[in-house]
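Work through the exercises below with the sequence and the structure at hand. Try each task before reading its solution.

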Amino acid sequence: MDDLLSEFLTETNESLDVVDVELVKFEQEPNNAKILDNVFRLVHTIKGTCGFLGLPRLEALAHAAETLMGKFRDGAPVTQEAVSLILTSIDRIKEILADLETAGGAEPEGSDDDLISELERLSLSAETKAAPGAQAEEPAADTTTGDIVEQSLERPLRPGEVSLDDLERAFREAECEVELPVAATEEELDHEVEAEAAPVAAAPLAETAKVKAKVKEEPAAKEPTEKKASVSSQSIRVAVDTLEDLMTMVSELVLTRNQLLEIVRRHEDSEFKVPLQRLSNVTAELQEGVMKTRMQPIGNAWQKLPRIVRDLSQELEKPIELEMLGADTELDRQVLELIKDPLTHMIRNSADHGLEMPADRRAAGKSEKGTITLSAYHEGGHIIIEVRDDGRGIDVDRVKAKVLERGLASEAELEKMTDQQIHKFIFAAGFSTAANVTSVSGRGVGMDVVRNNVELIGGSIDLRSVPGKGSSFIIKIPLTLAIVSALIVEAGGDRFAIPQLSVVELVRVQDNSEPRIERIKDTPVLRLRNKLLPLVQMSYLLGANPNAVDTETKSDTGFIVVMQVGSETFGVVVDGVFHTEEIVVKPMSTMLRNLTMFSGNTILGDGAVIMIIDPNGVASAMASHASSVVADEERKQQEEAITSALDGQSTVSMLLFRAGSAEPKAVPLSLVTRLEEFDVTKIEQSNGRDLVQYRGSLMPLVYIDPAQTRRSEGTQPMLVFSDAGRSMGLVVDEIVDIVEDRMNIEVGSDRAGVLGSAVIKDKATEIIDLGYFLPQAFEDWFMRKEMDIAALTKKVLLVDDSAFFRNMLTPVLKAAGYDVTACQGAQHAFELLENGDVYQAIVSDIEMPEINGFEFCEALRRDPRFRKMPILALSAVVSPASIERGRQAGFDDYVAKFDRPGLIASLKDLFSGEVGIAA
Amino acid sequence: MTNNDNHASNADEVIQYVTVVIGGQLFGLPISQVHDVFVPERVTRVPLAAPQVAGVLNLRGRIVTAIDMRKLLHLPERDDGSQVMAVGIEQKGESYGLVIDSVGEVLRLSSSSQEPNPSNLDKRWAEISGGVHRLDGKLMIILDVARLFSAMVEQPKAAA
């Protein structure tokens, strides 16, 4: 596309935006000739330029619109219909322009006859209605121009627009004359055309001719706007890319300066200090200067709004007035672009939901015409944009009903909320209170989209609403996105940058002096000037181990960064605060963009990369944390169960007891059938061993420590283990507790009857080996049932990383008659298999480090040697999903870890050929 | 990657590969994709990020996201504390550093020695491998950068 055309496109688009605004104004003030003149001139310019560039379609359309406007100027009454039509024409022109741009200069195919004939029809009717005193020639002229083909012959006029004033005068005085030449054929050029026109009206022709002459002198003059006023020659157009590049360079410069400052800070009395100070100042000024080039008045983003409001007003049949204040407030064009759509949406929203129907307004004692006020102003480093309507305000009850319907909160929760908190729900996703879905709003995209967009640019949105008086939305956005001042803090050993804009103050807390951190249950809060400030640990937000954080907070010394996001104020506890620094926000790579806690990253003065905290991310993380503490905890527990299961150290219910010695002993509770107490007198002696009568049969008693003192009176507690009708009593001195803990055997044991020692409830505890005690009661405890000679020949490989389960299950399997080899991991199993050891079946744990059971099984199934081998999964987690996962991995069966009979039965089934996943 | 697809049909095409070692396995990256090779220093940890993200670092004024290739390939972590290296690549205008164990020589390999991934290759490896080159005494896996990134973008979800 050549420069000329791109210049034309930019300019025309700008002009059209102005036309939009002006026309709406004109509709309201049909007698304001100035506005009409302005509109007329702009349309005329567009028409002329189109002719010059050889764009007949655009030209014809612009001409028809212009003609109609000419009628207004001549005193024809301004009707809404006519204005609408002109606006539609302008939209069409915009469409064509957009196509033109994509097509690189070729006008799109198509016809605008529909609009043109409409426009002409109105022109004609306007004419008849027009003051009868109008020039007599006019009707004639218009009938001649009432044909599209002829309008494309506007060429002779083309140079005319260069000097508009002359032309306009000519126009006003003799429209018909100017248009008459149009009747000539396309090929006919300037002179002949004028010659023809001449007899009709000599005087205006002279002027036209003059214009023509002028143009011939300066054929290159194609930019009417540049000639329009001397002011425009003082400004130049710069491509946005150039500015962006400049901004990037300045950002780099700022970074380098920060680096230099950092170096100099470390050297006292450096000779660089003074020149560096100068450099620093210049950089700051440069930064400001470049920033300024990016600044645009917010009015640019508002240009389309009057038109939108006008259309809405008609569509909704509500008279609406749009007031715009502070349109010259400047902000970064990047921000400006991003705020356009949310603003439009909010205006629509106000018009549709906010304002009542005229009848309702009258009933409420308000004027029929609703007012939407849009205002913008600077406040601190922010721009505040307010969209206010004088409508009905937000209906709290309707919001409540909707909240309940959507299940966003419970009735009890709503009861406790203030109206303001309830109002906030309209920012929730997919929330719309519009009773009906209209073309204007209520389509499911609502204020949540607006909020997201605003938050995306580091802004926040808030709202105030008074029933019956109206509501107002307040958007707070940063002036620029490129360079922000940030507070550098430390948390969990890493440094982070918090944008200064959201930091209200810093509070230092110490253990024994005010202010200090207090707790409600486990929630830390701070008393700050008679208000309670909710606190959160930064390291916790960043996913640090909550336990570690707890011990840290217990010391309760550190800094609290008080942050404000929207109307929420909260404190973030950090370990240290360094300094503030101007940072250049660099976007994070795609890989990290899913992290809502960060808005970007930057390079600090010392050269290190640092993550920039997103205050909105912190706020939402806090909110979601607070509102779902319970769910969170449950989830955490689940997660813990899973992670611990993955570590092979799932928590187990353990029965703690004492027997023989003072140190506690433990046994998994799941293995214990019952806890009983017998009067010592009930203990009988037979065949050299102690027995009690228990449920109609004799139960042998086993002492953990043979040296255990037998009580002579009172009762004797014992653990009863039962299996297949037989019971054994394990005599203990005292049952201490039942605890949920990880059973991590840290020190193995050579002593018979003890698997090893683990830390349970912060105490070294012996884990007893039932496999040792059970045969003491009945020597054939393990042997008797499944004793199968054939089974003895079956070699089973048991893979489990947990020593406990290896020790637990090996005897069980052995008792069932299998020849068991235990190994502690998949890797080891592979080695054994590679060594040529032959097994008839494999029993594998699922939750193992490095290679888990699923992967282990999949790997085995890939090897043709093991494709047919029965493989059994053993897991602490038994859910339909995990069973399905096991089936996919190739397991023949899936058994819960503590289900020993199930394991034996499953193995039996496997060997007898009844293969299939149970459950 | 179109490169690999192309030279499968064109047997005489010679591609230069930068070879790297990750967990004892030789890998090759087409030299056209390697921007630089550097020693990753002062890597800033990124909390909450996917496990294979080693962190972010400053490489001559650019912020580079470091990817721990061992984690990505599900290999055990380095335990000898030896010096690691990183290969700088660019993906959609963003800089990434693949943290590897060591960098080897540049090999000129004809596509005639290239083969598609063996069908029994670990799925997670096959995901990022563009094929295998038969070299003298060893095999070199071609790291397909484009697939590597698409695999990584999906991975955080799968891990969650």
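**Exercise 1. Describe the pairing of strands E6 and E7 of chain B, then place this pair in its sheet.**

Solution. Step 1: E6 covers residues 85-91 of chain B and E7 covers residues 94-100; the two strands are joined antiparallel by seven bridges. This is a predicted model.

Step 2: Within the pair, Gly88(B) faces Gly97(B) of E7(B).

Step 3: The pair belongs to an open sheet of five strands in chain B, ordered E3-E6-E7-E5-E4, with mixed pairing.

Step 4: The edges of the sheet are E3 (34-38) and E4 (53-59) of chain B; each has a single partner strand, so one side of each lacks a neighbour in the sheet.

Step 5: Ignoring direction, neighbouring strands in this sheet are turned by 30° against each other on average.

**Exercise 2. Determine how helices H2 and H3 of chain A are arranged relative to each other.**

Solution. Step 1: The axes of H2 (residues 33-53) and H3 (residues 56-73) of chain A come within 9 Å and cross at roughly 155°.

Step 2: An angle over 145 degrees counts as roughly antiparallel, and H2(A) and H3(A) are therefore roughly antiparallel.

Step 3: The crossing in which H2(A) passes H3(A) is left-handed.

Step 4: The residues of H2(A) that meet H3(A) include Leu36(A), Val39(A) and Phe40(A), while those on the H3(A) side include Leu58(A), Ala62(A) and Met69(A).

Step 5: Sorted by class, this contact of H2(A) with H3(A) has eleven nonpolar, three polar and four charged residues.

**Exercise 3. Do the same for helices H3 and H4 of chain A.**

Solution. Step 1: The axes of H3(A) and H4 (residues 80-103) of chain A come within 10 Å and cross at roughly 160°.

Step 2: H3(A) and H4(A) are therefore roughly antiparallel to each other, and their crossing is left-handed.

Step 3: Among the residues of H3(A) in this contact are Leu61(A), Ala65(A) and Leu68(A); H4(A) contributes, among others, Ile86(A), Ile93(A) and Ile96(A).

Step 4: The classes in the contact of H3(A) with H4(A) are ten nonpolar, one polar and two charged residues.

**Exercise 4. Describe the sheet of chain A that contains E16, E8, E9, E18 and E17, and find what packs on it.**

Solution. Step 1: The sheet is open, has five strands in the order E16-E8-E9-E18-E17 and shows mixed pairing.

Step 2: E16 (576-584) and E17 of chain A are the edge strands; each has a single partner strand, so one side of each is left without a neighbour in the sheet.

Step 3: On average, neighbouring strands of this sheet are turned by 35° against each other, direction ignored.

Step 4: E8 (residues 483-491) of chain A runs antiparallel to E16(A), and seven bridges join them. Glu490(A) stands opposite Gly576(A) in E16(A).

Step 5: Helix H13 (residues 240-266) of chain A packs on the sheet and touches E8, E16 and E17 of chain A; the direction of H13 makes about 145° with that of E16(A).

**Exercise 5. Is Pro499(A) buried or exposed?**

Solution. Step 1: Pro499(A) lies in strand E9 (residues 494-499) of chain A.

Step 2: A residue is buried if 20 or more other C-beta atoms lie within 10 Å of its own. Pro499(A) has 22 C-beta neighbours inside 10 Å and therefore counts as buried.

**Exercise 6. Which residues of chain A and chain B take part in their contact, by number and class?**

Solution. Step 1: Chain A gives 20 residues to the contact and chain B gives 22 residues.

Step 2: On the side of chain A that touches chain B, E17 (598-603) and E18 (609-613) of chain A each supply at least two residues. The largest share of that side, three residues, comes from E18(A).

Step 3: By class, the side of chain A that touches chain B has ten nonpolar, six polar and four charged residues.

Note on methods: Residues numbered from 1 in each chain as written. Chains lettered and ligands numbered in written order. Predicted model: local features only at pLDDT ≥ 70, side-chain atom pairs only at ≥ 80, totals over all residues. Helix = DSSP H or I, 4+ residues; strand = E, 2+ residues; numbered from the N terminus. Buried ≥ 20, exposed ≤ 12 C-beta atoms within 10 Å, placed from the backbone. Contact = placed C-beta atoms within 7 Å. Nonpolar A, V, L, I, M, F, W, Y, C, P; charged D, E, K, R; others polar. Pairing = 2+ DSSP bridges. Axes fitted to C-alpha atoms, helices over the stretch in contact; angles between N-to-C directions. Parallel < 35°, antiparallel > 145°, perpendicular 65-115°, else oblique. Left-handed = near helix turned anticlockwise from the far one by under 90°.
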